[in-house]
Amino acid sequence: MTPTDSLTLTLADVAKQLEARLVGDPARQVTGIATLREAGPSQIAFLSNRAYLKDLPGTRAGAVLLSPELAASCPVDRIELANPYLGYAALSRLFDPLMRRETAGIHPSAVVAKSVTLGVGVEVGPNAVVEAGVELGDEVVVGPGSVVGADSRIGQGSRLHANVTVYHGVIIGARAILHSGAVIGADGFGFAHDGNGWQKIAQLGGVVLGDDVEVGSCSSIDRGALGDTVIGNDVKIDSQVQIAHNVQIGDHSALAGCVGIAGSTRVGRHCMLGGGVGLSGHLTLCDGVQVTGMSLVTNSILEPGVYSSGTGAMPNTQWRKNAVRFKHLDDLAKRLARLEKNGRNG
């Protein structure tokens, strides 16, 4: 099956796959997914955010995924389930052509060392390089132009899209997805100053990615200086994220675009870092921490919850006034303390 081959499912098929309740014609055929506003009779739409409830009465979709409490407002066939967004996620994978394509084996232009261990159904694309001592599990895909460094291991069902670089001695778990331009295992930023210039510190550790990890395009995860940089299971990393040497990230955490984490910081399980968040080095974030976008974290966070820093955008004239006043905060705090002290003494 090629990536352009279309998939046709009946509503009965969809309901069975999602373990959901179908109200409508089980034989109706659908070939894709679209929004409530844009879907046609051969497509399924979904409603998980009430902000889009206004689009439901006029939808032309063949069927709609929605929760039972919204079923009465649906003018077309419907598939009811408690969490429509999770249903949409599962359905999207069914219609993803990459999930259905046949493996193409080892391309003639690929360079695969003789000592490489290949599982069943491995694909290595054009101009890819797989160096000595590498182990590729069953159904691993190494995309065009990608490089897998010596003695690395990649687990079953993982996919490297085009032009991914995995350095030597990296361990990647099962079902990982690495998008184009991702670099795993480059040297961390380690230098010692001798009074005149910088002396490089060899980075002797590695990188370990757990199962079901996804790394976005042009993101970098540096190898450890001595021990490994460790990314837990089911961690989702967006595009243009920088993770420095010896960082540890717990299972099921998510990092949005342009997050930067300095060396040796530990992020717990089920944490969420919004876009543009920066974490200083040698910090600890406990489990269940959410840091909102563009925040800078300079101290450890030891209680779960939502944390923010910085200020939202405002008109420039207002910002300039506030910036001037910010310079006087220390003086104002000292004056207030003196007034309070004098009031108590009086």
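This report describes the pockets, salt bridges, surface patch and selected residues of a predicted model.

**Pockets**

The largest pocket in the predicted model has a volume of about 770 Å³. Its lining is made up of 23 residues, and those closest to the centre of the pocket are Leu98, Met99, Gly157, Arg159 and Ile177. When the lining of this largest pocket is divided by class, eleven residues are charged, six are polar and six are nonpolar.

The second largest pocket holds about 180 Å³ of space. Its lining consists of Ala34, Thr35, Leu36, Arg37, Phe46, Leu47, Ser48, Asn49, Tyr52 and Asp55, and by class these residues comprise five nonpolar, three polar and two charged ones.

**Salt bridges**

The count of salt bridges in the model comes to nine. Three of the pairs are set out in the table, each with the distance between its closest N and O atoms.

| Salt bridge | Closest N and O atoms |
|---|---|
| Asp77 and Arg28 | 3.1 Å |
| Arg78 and Glu80 | 2.6 Å |
| Asp330 and Lys334 | 3.2 Å |

In the salt bridge between Asp77 and Arg28, the closest N and O atoms are 3.1 Å apart. This pair links distant parts of the chain, since Asp77 belongs to strand β7 (residues 77-80) while Arg28 sits in the loop between β2 (21-23) and β3 (29-30), with the two positions 49 residues apart in numbering. The two partners also fall into separate accessibility classes: Asp77 counts as buried because its relative accessibility is 15%, which lies under the cut-off of 20%, whereas Arg28, with a relative accessible area of 31%, is partly exposed.

The salt bridge of Asp330 with Lys334 lies within one helix. Asp330 and Lys334 are separated by about one helical turn, because they are four residues apart in helix α4 (residues 329-345). Asp330 counts as partly exposed at 46% relative accessibility, and Lys334 is likewise partly exposed, with a relative accessible area of 46%. Elsewhere, salt bridges that share partners join Arg21, Arg78 and Glu80 into one network. Within that network, Arg78 and Glu80 form a salt bridge whose closest N and O atoms are 2.6 Å apart, and both of these residues are buried.

**Surface patch**

On the surface, a nonpolar patch is formed by Phe189, Phe191 and Trp198, which together have about 430 Å² of accessible area. One of its members, Phe191, is found in strand β21 (residues 191-193). Phe191 counts as partly exposed because its relative accessibility is 34%, a value that falls between the cut-offs of 20% and 50%.

**Backbone angles in two loops**

Which residues other than glycine have a positive phi, as Asn163 does? Asn163 has a phi near 60 degrees, and Asp234, also not a glycine, has a positive phi of about 60 degrees. Asn163 is placed in the loop between β16 (159-160) and β17 (165-166), and at 48% relative accessibility it counts as partly exposed. Asp234 is placed in the loop between β26 (229-231) and β27 (236-237), and at 28% relative accessibility Asp234 also counts as partly exposed.

**Two C-alpha separations**

Gly276 lies in the loop between β33 (272-273) and β34 (278-279), and its relative accessibility of 22% means that Gly276 counts as partly exposed. The C-alpha atom of Gly276 is separated by 8.7 Å from that of Leu296, although the two residues are 20 residues apart along the chain.

Is Leu255, in strand β30, buried or exposed? Leu255 is buried, with a relative accessible area of 4%, and its place is in strand β30 (residues 254-255). Between the C-alpha atoms of Leu255 and Trp319, which are 64 residues apart along the chain, the separation is 29 Å.

Definitions and conventions. Residues numbered from 1 in each chain as written. Predicted model: local features only at pLDDT ≥ 70, side-chain atom pairs only at ≥ 80, totals over all residues. Heavy atoms only, no water. Patch = residues over 30% accessible without salt bridge, like charges linked within 9 Å, V, L, I, M, F, W, Y side chains within 5 Å. Areas by Shrake-Rupley, 256 points an atom, 1.4 Å probe, with all protein chains shown as cover. Salt bridge = Lys/Arg side-chain N within 4 Å of Asp/Glu carboxyl O. Buried < 20%, exposed > 50% of the residue type's maximum accessible area, 1.4 Å probe, protein only. 1 Å grid on protein atoms, 1.4 Å probe; cavity = no way out; pocket = protein on both sides within 12 Å on 5 of 7 lines; lining within 4 Å. Points joined across faces, edges and corners; volume = space filled by probe spheres on them. Nonpolar A, V, L, I, M, F, W, Y, C, P; charged D, E, K, R; others polar.
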